Amino acid sequence: MTLSVVEDLMLHNLSCPQCRAGEPCLVAEHIEDSWPRRVALEAAASLRKITMLEEQHAAVP
């Protein structure tokens, strides 16, 4: 399972001198900007799993 955006940012902030100093950081911005895509991918994976389970359940006599 992937880390949450908050966990990613916390881990990054621990090792990034720019973030610790409160300065702008491109990596942190990228992590923040990528969260909508990550959420959409996780939702699609969950929907795919549910669909597969429903299909398997329907196939069982």
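H30 comes out as exposed, since its relative accessible area is 55%. This residue is found in helix α3, and in the predicted model its C-alpha atom is separated by 30 Å from that of I50, 20 residues apart along the chain.

Helix α3 spans residues 26-33, and its axis comes within 10 Å of the axis of helix α1, residues 5-15. The two axes cross at roughly 175°, so α1 runs roughly antiparallel to α3. On the α1 side, the contact is made by V5, D8, L9 and H12; on the α3 side, V27, A28, I31 and E32 take part. Sorted by type, the residues of this contact divide into 5 nonpolar, 1 polar and 2 charged.

H12 deserves a look of its own. It lies in helix α1 and has a relative accessibility of 14%, so H12 counts as buried, whereas H30 is exposed at 55%. Leaving aside residues up to four places away in sequence, H12 touches C19, C25, V27, A28 and I31. Of these partners, V27, A28 and I31 belong to the α3 side of the helix contact. A28, for its part, touches L9, H12 and C19, again not counting residues up to four places away in sequence.

Next come the cysteines. C16 is found in the loop between α1 and α2, with α2 covering 17-20. With a relative accessible area of 8%, C16 is buried. C19 counts as buried too, because its relative accessibility is 18% and the cut-off for burial is under 20%. C25 is also buried, at 6% relative accessibility. In space, C16 sits 9.2 Å from A28, C-alpha to C-alpha, with the two residues 12 apart in sequence.

What about bonds between these cysteines? With a disulfide taken as a pair of cysteine sulfur atoms within 2.5 Å, the count comes to 0 disulfides. C19 is in no disulfide, and its nearest cysteine sulfur, that of C16, is 3.7 Å away. For C25, the closest cysteine sulfur is likewise in C16, at 3.8 Å, and the pair stays unbonded because that distance is too far for a bond.

These cysteines do turn up together in the largest nonpolar core, which has 7 residues in all: V5, L9, C16, C19, C25, A28 and I31. The elements giving two or more residues to this core are α1 and α3. Several core members have already come up in the helix contact, where V5 and L9 sit on the α1 side and A28 and I31 on the α3 side. H12, though not listed in the core, touches several of its members, including C19, C25, A28 and I31.

Further along the chain, V39 lies in helix α4, which takes in residues 35-59. Its relative accessibility is 43%, so V39 counts as partly exposed. V39 and V5 are 34 residues apart in sequence, yet their C-alpha atoms are 9.6 Å apart in space. V5 is a member of the core and also takes part in the contact of α1 with α3.

Terms used: Residues are numbered from 1 along each chain as its sequence is written. This is a predicted model: local features need pLDDT of at least 70, side-chain atom pairs count only at pLDDT 80 or more; totals for chains, interfaces and linings use all residues. Side-chain values use heavy atoms; hydrogens and water are left out. Axes are lines fitted to C-alpha atoms, for helices over the stretch in contact, and angles run from 0 to 180 degrees between N-to-C directions. Helices (H or I, at least four residues) and strands (E, at least two) are DSSP runs, numbered from the N terminus. Angles under 35 degrees count as roughly parallel, over 145 as roughly antiparallel, 65 to 115 as roughly perpendicular and the rest as oblique. Contact means heavy atoms within 4.5 Å. Ala, Val, Leu, Ile, Met, Phe, Trp, Tyr, Cys and Pro count as nonpolar, Asp, Glu, Lys and Arg as charged, and the others, Gly among them, as polar. Buried means under 20% relative accessible area, exposed over 50%, partly exposed in between (1.4 Å probe, protein chains only). A nonpolar core is a set of buried Ala, Val, Leu, Ile, Met, Phe, Trp, Tyr and Cys residues joined through side-chain atoms within 4.5 Å.
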